[in-house]
Amino acid sequence: MRYDDWKSIVRESAPLIALMMLIEISGGGVLESMSEVFYAIPALLALVPLINAVGGNTASIIGSRLASGLHLGMIEPSFRDKEVLDNMFTVGMLGMIAKLITASLLFAMLPLLGIAVNISFWKWLLITFIATVIVMSVVIPAAVITSIIAFRKGKSPDDFTIPVVSTVGDISGIIAIVLAIKMVVP
Amino acid sequence: MDRKALIKEAFPALLILGVVEAIGGIFLSGAGTDKVPGLLAVVPALISLRGNISGSFASRLGSLAHLGIFDPKHPFSSSKDGIKAAIIMSISFSVFASVLGSLITLMSGSSPDWIGVVVVVVLTSIVSSTILSSLAVLSVSFSFKHSIDPDNVVVPLLSTVGDILSIMIMAAFVWLWVMLT
């Protein structure tokens with residue numbers, strides 16, 4: 001695998017990123033259509049990066065750990081590999097705990113900055129929890145599946161998994177937050 | 001694949017990232033995306049472009065370091081092709097995303113500020129991609145020198161710093177654009 005010259009990096013990444021952009025823009029359309037809700041409860045817009053990052057960080061830890069593990073031959077490219085399952089579980093739990101702590105901090109910080117938080121703490125936490133569960137249940141399996149498929153097809157998981165997973169994470173993040181708000185805020 | 005190392009290295013990183021994300025959230029709710037109609041439709045694409053390009057760049061550096069190709073002593077010269085690829089893709093995809101985002105806004109019945117969206121998104125993309133590529137190189141070589149697995153720290157760190165940085169830079173360019181027009 002020729003791995004470090006710019007033309008091959010562009011050739012390998014560009015088609016996928018172009019596809020991801022198309023998907024992201026559809027997500028942007030969803031966000032744009034919800035813009036009135038977000039401007040009515042401005043604090044909710046502050047949760048968007050938090051939920052979007054569930055895909056960006058938790059799953060990219062899994063993705064890039066699997067990528068290195070596969071490159072080094074420490075992990076078998078199989079869905080039943082114990083290391084793979086261990087990684088999924090541990091990273092999922094860590095991500096959820098970190099997310100709930102952060103959302104609580106954010107809730108405390110917003111009023112200090114003059115942003116109106118016209119929603120109760122428990123609803124806020126519940127929105128975070130529901131949205132994180134939705135995103136994780138999509139993104140963690142996606143990270144594992146794309147890493148393994150990429151590796152089996154001889155593509156570098158680094159160029160393949162991260163873009164796929166972060167895009168899946170963003171889209172499911174936007175949909176998850178819209179769903180969670182609709183479930184919690186009557 | 002040591003679980004204790006994963007918890008010890010990844011959890012503090014995830015928490016710090018969470019705080020940074022919260023700051024990003026505050027910036028997003030205060031960025032004034034409503035002042036450049038159509039911009040909100042491009043925000044997810046803009047943020048994910050960062051994650052896609054800088055995230056895979058950092059992750060690739062991690063693998064190259066594990067394989068011994070990336071040399072932490074000469075970080076920039078051993079990764080110049082990656083940086084070149086990152087900058088070329090940042091510019092071309094941000095133009096692509098701005099045009100598509102404005103189109104989808106138009107299709108949903110609002111009228112986008114075409115020029116405003118393109119100017120803000122492309123400038124944001126160029127500035128943040130330059131900063132992030134350099135940051136990736138420096139942090140991968142730093143973590144490798146200190147025997148921290150770059151996969152546990154640098155990739156999530158970069159993807160989040162990238163998100164926040166993009167939102168902050170975008171907010172600055174929105175402010176400038178509104179001032180100048």
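Which pattern does chain A follow, read along the sequence? The pattern is α-α-α-α-α-α. The model shown in these views is predicted.

**View 1. Chain A is made of helices, with zero strands.** Six helices are present in chain A. The C-alpha trace spans about 55 × 35 × 25 Å along the principal axes of the chain. Of the 186 residues in chain A, 51% are buried. Sequence separation is also recorded for contacts in chain A between residues at least 6 apart in sequence: 81% of these join residues at least 24 apart.

**View 2. Helix H4 of chain A covers residues 82-112.** The helix has 31 residues. From first C-alpha to last, H4(A) reaches 46 Å, close to the 45 Å expected at 1.5 Å a residue. After H4(A) comes Gly114(A). The phi of Gly114(A) is positive, near 80 degrees.

**View 3. Buried residues of H4(A) run from Val84(A) to Leu110(A).** Between these two, the buried set holds Asn87(A), Val91(A), Gly92(A), Gly95(A) and Ala98(A). Further along come Lys99(A), Thr102(A), Ala103(A), Leu106(A) and Phe107(A). An α-helix has 3.6 residues a turn, so residues three or four places apart point the same way. Lys99(A) is a buried residue of H4(A), as is Asn87(A).

**View 4. Helix H1 of chain A meets helix H3 of chain B.** H1(A) covers residues 6-33, and H3(B) covers residues 80-107. Their axes come within 9 Å and cross at roughly 30 degrees. Angles under 35 degrees count as roughly parallel, so H1(A) is roughly parallel to H3(B). H1(A) passes H3(B) in a right-handed crossing. The residues of this contact divide into 15 nonpolar, six polar and three charged.

**View 5. Chain A and chain B share a contact.** Chain A puts in 67 residues, and chain B puts in 61 residues. Which elements give two or more residues to the side of chain A that touches chain B? They are H1, helix H2 (35-40), helix H3 (42-72), H4 and helix H6 (157-184) of chain A. H3(A) supplies the largest share of that side, 21 residues. By class, the side of chain A that touches chain B has 36 nonpolar, 20 polar and eleven charged residues.

Technical notes: Residues are numbered from 1 along each chain as its sequence is written. Chains are lettered from A and ligands numbered from 1 in the order in which they are written. This is a predicted model: local features need pLDDT of at least 70, side-chain atom pairs count only at pLDDT 80 or more; totals for chains, interfaces and linings use all residues. Helices (H or I, at least four residues) and strands (E, at least two) are DSSP runs, numbered from the N terminus. The expected span of a helix is 1.5 Å times one less than its number of residues. A residue is buried if 20 or more other C-beta atoms lie within 10 Å of its own, exposed if 12 or fewer, and partly exposed in between; C-beta atoms are placed from the backbone. Axes are lines fitted to C-alpha atoms, for helices over the stretch in contact, and angles run from 0 to 180 degrees between N-to-C directions. Angles under 35 degrees count as roughly parallel, over 145 as roughly antiparallel, 65 to 115 as roughly perpendicular and the rest as oblique. A crossing is left-handed if the near helix is turned anticlockwise from the far one by less than a right angle, and right-handed if clockwise. Ala, Val, Leu, Ile, Met, Phe, Trp, Tyr, Cys and Pro count as nonpolar, Asp, Glu, Lys and Arg as charged, and the others, Gly among them, as polar. Two residues are in contact if their C-beta atoms, placed from the backbone, lie within 7 Å.
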